[in-house]
Amino acid sequence: MKNLNPAQKTALEDAARQACRYAYAPYSNFPVGAAVLTDSGQIVTGCNVENASLGLSCCAERVALFNAVSQGQQRIVALAIYTPTATPTPPCGACRQVLQEFAAEAVIISLCQSDQRLESSLTSLLPMAFSVNRRQDQKT
Ligand code: THU
């Protein structure tokens, strides 16, 4: 887990807050914004996108990650998640597994409306993760 420089961290957190405004969450009323920082310094955002067929809904973290990958950015060094709640929201189990693929070493930051925040690593959120080590840059 690398240390982020303060400017990058602030920009990433702001991007997650902004992304939350685009959340499409009419079924849960639980909007989420996410932003990933790539190893090239790019910030890519996502929000949760729900569907009337509820199981098709996708979390903000995965939307942000897939958005980055679809822009050719596969190495994620940090992820910020914002929810307009009193306490911070850590990524769900499914997102943790997807993070393992592209963000195994990433700093994971959860932010909310209060000053409370969580800052952790994927290793602590997903110990003994399943991985096939297909990616060339992935550590064994
Ligand atoms: N959700 C996220 O976007 N990220 C999380 O980490 C937790 C849950 C979304 C999925 C669904 O649209 C809504 O929040 C309620 O579960």
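1. Strands S1 (residues 33-38) and S2 (residues 43-47) run antiparallel and pair through 5 bridges. Here strands are DSSP runs of E with at least two residues, numbered from the N terminus, and two of them pair if DSSP finds at least two bridges between them. Leucine 37 has isoleucine 43 in S2 as its bridge partner. The hairpin leaves 4 residues between the strands, and glycine 41 there has a positive phi near 90 degrees.

2. A word on what you're looking at: this is a predicted model, where local features need pLDDT of at least 70, side-chain atom pairs count only at pLDDT 80 or more, and totals for chains, interfaces and linings use all residues. Residues are numbered from 1 along each chain as its sequence is written, and side-chain values use heavy atoms, with hydrogens and water left out.

3. Now the ligand. Among the residues surrounding the ligand (a heavy atom within 4 Å) are Ser28, Phe30, Val32, Asn48 and Pro90. The shell splits into 7 nonpolar, 2 polar and 2 charged residues; Cys and Pro are among those counted as nonpolar, and Glu is one of the charged ones.

4. Which atoms of the ligand do glutamate 50 and glutamate 61 meet? In glutamate 50, a side-chain N or O atom is 2.5 Å from a ligand oxygen. Glutamate 61 also has a polar side-chain atom 2.5 Å from an oxygen of the ligand. For cysteine 92, a polar backbone atom is 3.5 Å from a ligand oxygen. On its own the ligand has 370 Å² of accessible area (Shrake-Rupley, 1.4 Å probe), and the protein covers 78% of that.

How values were computed
A polar contact is a pair of N or O atoms within 3.5 Å; within protein, one must be able to donate a hydrogen and the other to accept it, and residues adjacent in sequence count only if both atoms are side-chain atoms.
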